[in-house]
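This briefing is about a predicted model. Please look over the sequence and the structure before reading the points below.

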Amino acid sequence: MIQLQELHIGYQRELLRTEHLFLAAGKVYALVGRNGIGKSTLIQTMAGLQKQLAGEITINGQSVSSLNPQEIAETISLVDTRFEGVEFLKVKDYLALGRAPYTDLFGRLGVKDWQMVESVASDLSIIHLLDKFTDEISDGERQLCAVGRAFVQETPVILLDEPTAFLDYINRKKLLALLKLLSAEKNKCIVLSTHDLDLCLDHSIPFLLAAHGEIRIHASLSKEEIIQAMS
Amino acid sequence: MKDWSLKWMMFCLLCFLPIAMYLHLMAGQIEISFASFFDSFWNYDAKNTAHVLVREFRIPRLAMALFAGAGLSLSGMLMQTLFKNPLAGPYVLGINSGASLLIALSLMTSIRFFQSNFGLIGTALIGAFTAGLLMMAVAQRLKSQISLLLVGLMFGSFTSAIVSILESFAGAESLKSYTMWSMGSLQQVEFGQLGFISLIFLVGIAASFLLVKPLNMLVIGEKSAALLGLPIKSIRMFVLMLTALFAGLITAFCGPIAFVGIAIPNLTRILFQTSNHRYLIIGNCFIGAIFLLLTDAFIQVLEDQFSIPLNAITSIIGAPFVVFLLMRKLR
């Protein structure tokens, strides 16, 4: 599904490079690596927000840099580390923004759009938050909402930048299980950056390991091996 | 807040607007019967003082209160959403200053182009738009909401310094006309100009409804909005142009009117408890218009004893409200 072809990413200086990597549909990948190694940069680059220094990212054979904003919105959704909340913006309206690529000029939502919002909210167990304002719920709840908005967007690729950072242990476990289920059921390719090695190992999620300026895929590594590779 | 209470609130505003308009029309010093209002439209008699008064003074002033109130509030709302900053507005961000600077140039220098009616409006629009672009460029480099306001403030001081220099060179006559303009007044438009002005404002308000979806997306930040398929750069330009249109026109016709553009959008948001721009646009038009109608009616009532500049009243009400907002949001 996603191919990273001899990709070099970074700003003025190169941070990370890959050889030829292939990320399959129907799978979840955990992007791990130490602070500042360039995980967020990779995610931003994959979402088309940041230009790569060299190489190419393709999704189903199409180069990401050739997609227009509308095509990107229909292909990739991104969950940022932090969603600050917006005054007087209700959770349900925030989730419904995920339908924006599919609504008309005035952004009117149909019955199906609202059904989508409801079913995602029930998957994430945030139904009780729907009528609350996004700036009046907790950081963890907001993070679940941000994930929900990406689900509502219904894209084949979902990128999540440390989605578990503010979540409690139970919600972390739930979220990972849900991501796995979703990727398998709807044949999505999901990449999340995380520091939760144990949780990923529990769910036997393959690692995208960023270390020493390079990203490699490791399907089965023990915790000790990963830590050693990172340091 | 439920949807029905939003609709109820809009219904109340809809009822209150004609009342405010009526109060404004009746607030003048000379009493005029209701009948002569209609007659001045349908059976206009140029020899009848009441008719002339209505047509040349009351109606233009009423229309400008409506348009300036709605337009300034809308442009404030647009700025606040675009900059994701509740304290943005055409006045604090220097959009007005840009227009004022060019108007000062046109009133106090002898450059021929500026003297024409078209020149005055055109230059005000150019000034407003340029200031908007400048602020946009600065905003890209700033992280903090406060710094942007400080830059706007500095820009305002800078332009007013240039204006003072112009004033020191200006002749008595042009100095007077500039000073009169800078106090802000809704009484400077003639009946004949109203058609043209209403047309522009109605088009502007209609155009802002085209922005409902983009504005609702911008609420969660430019980056997230872009990833939802919003063409950020063109939307930014569209929003800026619309803001400059409202703020520039109003500044050209009515002088600088402070604080309406920052206070009313916040008041609307707090009253409506929503971030949906479909309602916010309507709310801002109504609340802004009602606010300026009542303010100006108050000025008219006192007019035989003192003539208070409009700008002074809006600042006296607006400035404490903005301080209240600061304490509420930023602490």
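The notes below cover confidence, one helix pair and the chain contact.

This is a predicted model, in which local features need pLDDT of at least 70, side-chain atom pairs count only at pLDDT 80 or more, and totals for chains, interfaces and linings use all residues. Residues are numbered from 1 along each chain as its sequence is written, while chains are lettered from A and ligands numbered from 1 in the order in which they are written.

**Confidence**
- Chain B has a mean pLDDT (the predictor's confidence in each residue, from 0 to 100) of 88, and 96% of its residues reach 70 or more.
- Among the elements of chain B, helix α5(B) (residues 112-115) has the lowest mean pLDDT, 64, and α10(B) the highest, 97.
- Helices are DSSP runs of H or I, at least four residues, numbered from the N terminus.
- For the complex, the predictor gives an ipTM of 0.93 and a pTM of 0.92.

**Helices α9(B) and α12(B)**
- The axes (lines fitted to C-alpha atoms over the stretch in contact) of α9(B), residues 194-210, and α12(B), residues 232-254, come within 10 Å and cross at roughly 150 degrees.
- That angle makes the two helices roughly antiparallel, a term for angles over 145 degrees.
- B:Ile200, B:Gly204, B:Ala207 and B:Ser208 in α9(B) meet B:Leu242, B:Leu245, B:Phe246 and B:Leu249 in α12(B).

**Contact between chains**
- In chain B, 18 residues are in contact (C-beta atoms, placed from the backbone, within 7 Å) with 18 residues of chain A.
- On the side of chain B that touches chain A, α10(B) (212-218) and α11(B) (222-227) each supply at least two residues.
- The largest share of that side, four residues, comes from α10(B).

Conventions. Axes fitted to C-alpha atoms, helices over the stretch in contact; angles between N-to-C directions. Parallel < 35°, antiparallel > 145°, perpendicular 65-115°, else oblique. Contact = placed C-beta atoms within 7 Å.
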